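This briefing concerns the packing of selected helices and the surroundings of selected residues. Please read it alongside the sequence and the structure displayed here.

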Amino acid sequence: PRRSGVAKERTIRVAVAGIGCCTSHLVQGIYKYWDVLDNEKWVPGLMHPVLGEYRIRDIKFVAAFDIDRRKIGTDLSQAIFSAPNNMTKFSDVPKLGVTVKMGPVLDGAPPHLRGGKFYDVADDQKPCDVVAELKASGAEILVNFIPTGSAKAARFYADCALAAGCGFINCMPEFISSDAAYVQKF
């Protein structure tokens with residue numbers, strides 16, 4: 001039995017695709033609320049510090065993918081603050097031991113945003129095998145934070161999650177969860 005809303009020790013192994021400002025918010029938020037262990041007190045910014053059996057500190061980042069050379073090869077804790085991100089730092093994030101890997105570009109960087117205007121796309125690098133990385137990391141959930149308008153890339157990552165046996169959370173306006181074919185697949 002649970003005691004006063006305290007969750008048992010569990011880990012939710014999370015991979016992220018797209019290391020932009022939204023990912024920065026998520027990662028920083030985990031560490032801002034790291035010490036919240038139960039639902040006994042009201043915590044500004046959180047509705048449910050403990051949800052079911054899970055606490056915020058149960059979320060562990062295990063894999064990360066991006067296409068910008070300023071982020072690839074760096075620890076996720078550094079990549080969330082790399083340009084072109086312009087996110088305000090509101091929490092210290094320790095080194096996570098998660099190296100950002102090169103994902104496929106597909107339609108994730110339109111031509112008018114390339115060439116230093118926004119993206120510094122690592123076109124000269126070979127994308128990693130996302131499915132293999134998800135499996136090797138033990139990821140249970142892949143969170144998709146790639147830019148709006150990246151329909152092919154969103155579907156690519158959804159397919160990778162399926163192939164790796166991961167859940168998929170789509171955080172961009174692309175119709176995947178309402179697509180009957182994807183509903184059936186998942």
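In this predicted model, helix 3 buries Val130, Val131, Leu134 and Ser137. Viewed down the axis of helix 3, these buried residues fall within an arc of 140°, so they line one face of the helix. Lys135 and Ala136 are exposed on the other side of helix 3. The points below take up the partners of helix 3, then helix 4, and then three individual residues.

**Helix 3 and its crossing with helix 4**

- The buried residues of helix 3 pack against strand 1, strand 4, strand 6 and helix 4.
- The axes of helix 3 and helix 4 come within 9 Å and cross at roughly 45°. Helix 3 is therefore oblique to helix 4, and the crossing of the two helices is right-handed.
- Helix 3 contributes Val130, Val131, Leu134 and Lys135 to this contact, while helix 4 contributes Phe156, Tyr157, Cys160, Ala161, Ala163 and Ala164.
- Val130, Val131 and Leu134 thus appear both among the buried residues of helix 3 and in its contact with helix 4. Lys135 also takes part in that contact, although Lys135 is exposed.

**Helix 4: length, buried face and end**

- Helix 4 comprises 14 residues, 151-164. At 1.5 Å a residue it should span 20 Å, and its end C-alpha atoms are 20 Å apart, which agrees.
- Which residues of helix 4 are buried? They are Ala153, Ala154, Tyr157, Ala158, Cys160, Ala161 and Ala164. Because they cover an arc of only 160° around the axis, they lie on the same side of helix 4.
- The general background is that an α-helix has 3.6 residues a turn, so residues three or four places apart point the same way.
- The buried residues of helix 4 pack against strands and helices alike: strand 1 (12-17), strand 4 (59-66), strand 6 (141-144) and strand 7 (167-170), together with helix 3 (130-137) and helix 5 (180-185).
- Glycine 165, just after helix 4, takes a positive phi of about 80°.

**Alanine 161, within helix 4**

- Alanine 161 lies in helix 4 and is buried, with a relative accessible area of 0%.
- Leaving aside residues up to four places away in sequence, alanine 161 touches Leu134, Leu142, Cys166, Gly167, Phe168 and Phe186. One of these, Leu134, is itself a buried residue of helix 3.
- Alanine 161 and isoleucine 141 are 20 residues apart in sequence, and their C-alpha atoms are 7.6 Å apart in space.

**Cysteine 171, in a loop**

- Cysteine 171 is found in the loop between strand 7 and helix 5.
- Is cysteine 171 buried, partly exposed or exposed? Its relative accessibility is 36%, so cysteine 171 counts as partly exposed.
- Apart from residues up to four places away in sequence, cysteine 171 touches Val143, Asn144 and Phe145.
- The C-alpha atoms of cysteine 171 and valine 143 are separated by 7.0 Å, and the two residues are 28 residues apart along the chain.

**Serine 24, in helix 1**

- Serine 24 lies in helix 1, which covers residues 21-32.
- Serine 24 has a relative accessibility of 0% and therefore counts as buried, since the cut-off for burial is under 20%.
- With residues up to four places away in sequence not counted, serine 24 touches Ile80, Phe81 and Met87.

Methods
Residues are numbered from 1 along each chain as its sequence is written. This is a predicted model: local features need pLDDT of at least 70, side-chain atom pairs count only at pLDDT 80 or more; totals for chains, interfaces and linings use all residues. Side-chain values use heavy atoms; hydrogens and water are left out. Helices (H or I, at least four residues) and strands (E, at least two) are DSSP runs, numbered from the N terminus. The expected span of a helix is 1.5 Å times one less than its number of residues. Buried means under 20% relative accessible area, exposed over 50%, partly exposed in between (1.4 Å probe, protein chains only). The arc is that of the directions from the helix axis to the C-beta atoms. Contact means heavy atoms within 4.5 Å. Axes are lines fitted to C-alpha atoms, for helices over the stretch in contact, and angles run from 0 to 180 degrees between N-to-C directions. Angles under 35 degrees count as roughly parallel, over 145 as roughly antiparallel, 65 to 115 as roughly perpendicular and the rest as oblique. A crossing is left-handed if the near helix is turned anticlockwise from the far one by less than a right angle, and right-handed if clockwise.
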